[in-house]
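Subject: Structure handover

Hello,

Please find the structure below, followed by notes on what was found in it.

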Amino acid sequence: MAQRRALTWGKKIWGRKRHLLVDTQGHVLAVKVTGAHRSDQEGARALLSPLADSFPRMALV
């Protein structure tokens, strides 16, 4: 199967979504990579669920 052309120039990895949790200053706290077939809501749940105990003050996302 031939690869299709990427819509974004310079894109090197196909079919991946990257979910980042950052603080108010932009420091990366956590990263989760999921397949592109997953919704953003599923990715956010996968990122945040294991971190609930690590960040108890986080109430609203």
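H19 lies in strand 1, where strands (E, at least two residues) and helices (H or I, at least four) are DSSP runs numbered from the N terminus. With a relative accessible area of 10%, H19 counts as buried; the classes are buried under 20%, exposed over 50% and partly exposed in between, with a 1.4 Å probe and protein chains only. Its side chain makes a polar contact of 3.3 Å with the side chain of T34. A polar contact is a pair of N or O atoms within 3.5 Å; within protein, one must be able to donate a hydrogen and the other to accept it, and residues adjacent in sequence count only if both atoms are side-chain atoms. Beyond four places in sequence, H19 touches A30, V31, K32, T34, D40, G43, A44 and L47, contact meaning heavy atoms within 4.5 Å.

This is a predicted model, in which local features need pLDDT of at least 70 and side-chain atom pairs count only at pLDDT 80 or more, while totals for chains, interfaces and linings use all residues. Residues are numbered from 1 along each chain as its sequence is written, and side-chain values use heavy atoms, with hydrogens and water left out.

Overall, the chain has one helix and two strands, in the order β-β-α along the sequence. Of its 61 residues, 15% count as buried.

L47 belongs to helix 1, residues 40–48. L47 counts as buried because its relative accessibility is 8%. Its C-alpha is 7.1 Å from that of V31, at a sequence distance of 16 residues. Outside the four places on either side in sequence, the contacts of L47 are H19, L20, L21, A30, V31 and K32.

L47 is also one of the five residues of the largest nonpolar core, together with L21, A30, L48 and L51. Such a core is a set of buried Ala, Val, Leu, Ile, Met, Phe, Trp, Tyr and Cys residues joined through side-chain atoms within 4.5 Å. Contacts of L21 more than four places away in sequence include V28, F55 and M58.

On the outside, the chain exposes about 5700 Å², of which carbon and sulfur atoms supply 54%; areas come from the Shrake-Rupley method with a 1.4 Å probe, and for residues only the protein chains shown count as cover.

V33 is found in strand 2. V33 is classed as partly exposed because its relative accessible area is 48%.

Regards
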